[in-house]
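Trainee: Before we discuss any details, could we put the sequence and the coordinates in front of us and then go through them by question and answer?

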Amino acid sequence: MPLLVFALALAAPPGGTLELSAFTRDVLAVNPEAAGAEATMERARARAAAAAPWPDPMLDVGVAPMSLAQMPGWSVDLKQELPLWGTRAAGREMAQADARAAAAQLEMMRLDLANMAAMAWVDWYTVHR
């Protein structure tokens, strides 16, 4: 609520009228929670875009001490894990669902802030009229 009072003090013109849309825009602009929620949503969208890639291949090189001249004294292994059927698609769908949930939470927070701004604006209007 202190941010609403701060935004109200910033948006209220001296002796003029305060428009609800301008006040709501100012409240959303100065609220740090909205910026944090936007960053969370962008991070979730980035994770969804990069979700469920193939596992990285592993290269393993082994050398037995004091046996470089002998033939079986070293080994090189290249390994690639294969995911189980459907796990990559399920991981991608889960990441996309997380991104949609983050977007919905951001929209819900914006609507809550807009509602609080409207209530503060009504109080301001009642006092000044």
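**Charged pairs and the fold around them**

Mentor: Arg45 has a relative accessible area of 43% and is therefore partly exposed; please keep in mind throughout that we are reading a predicted model.

Trainee: With which residue do the side chains of Arg45 meet in a salt bridge?

Mentor: Since a salt bridge requires a side-chain nitrogen of Lys or Arg within 4 Å of a carboxyl oxygen of Asp or Glu, the N to O distance of 3.9 Å for the Arg45 pair satisfies the rule. The two residues are three apart in helix H3, so about one helical turn separates them. The partner, partly exposed with a relative accessible area of 45%, is Glu42.

Trainee: How many salt bridges does this rule give in total?

Mentor: One of them is the pair of Arg45 and Glu42, and another joins Glu38 to Arg110, where the closest N and O atoms are 2.6 Å apart. By this rule the count comes to two.

Trainee: How many residues apart in sequence are the parts that Glu38 and Arg110 tie together?

Mentor: Glu38 is partly exposed at 35% relative accessibility, and Arg110 is likewise partly exposed, with a relative accessible area of 28%. Because Glu38 belongs to helix H3 (residues 32-49) and Arg110 to helix H4 (residues 87-128), their pairing ties together parts of the chain whose separation in sequence is 72 residues.

Trainee: Is Thr24 buried or exposed?

Mentor: Thr24 sits in helix H2, which covers residues 20-30, and, leaving aside residues up to four places away in sequence, it touches Ala114 and Ala117. Its relative accessible area is 15%, and as the cut-off for burial is under 20%, Thr24 counts as buried.

Trainee: What share of the residues in the chain is buried?

Mentor: The chain has 129 residues and exposes about 9600 Å², of which carbon and sulfur atoms supply 64%. Buried residues make up 22%.

Trainee: In what order do the elements of the chain run from the N terminus on?

Mentor: There are four helices and two strands to place. Among the contacts with a separation of 6 or more, 64% are between residues 24 or more positions apart, so that figure describes pairs whose heavy atoms lie within 4.5 Å. Read from the N terminus on, the order of the elements is α-α-α-β-β-α.

Technical notes. Residues numbered from 1 in each chain as written. Predicted model: local features only at pLDDT ≥ 70, side-chain atom pairs only at ≥ 80, totals over all residues. Heavy atoms only, no water. Buried < 20%, exposed > 50% of the residue type's maximum accessible area, 1.4 Å probe, protein only. Areas by Shrake-Rupley, 256 points an atom, 1.4 Å probe, with all protein chains shown as cover.
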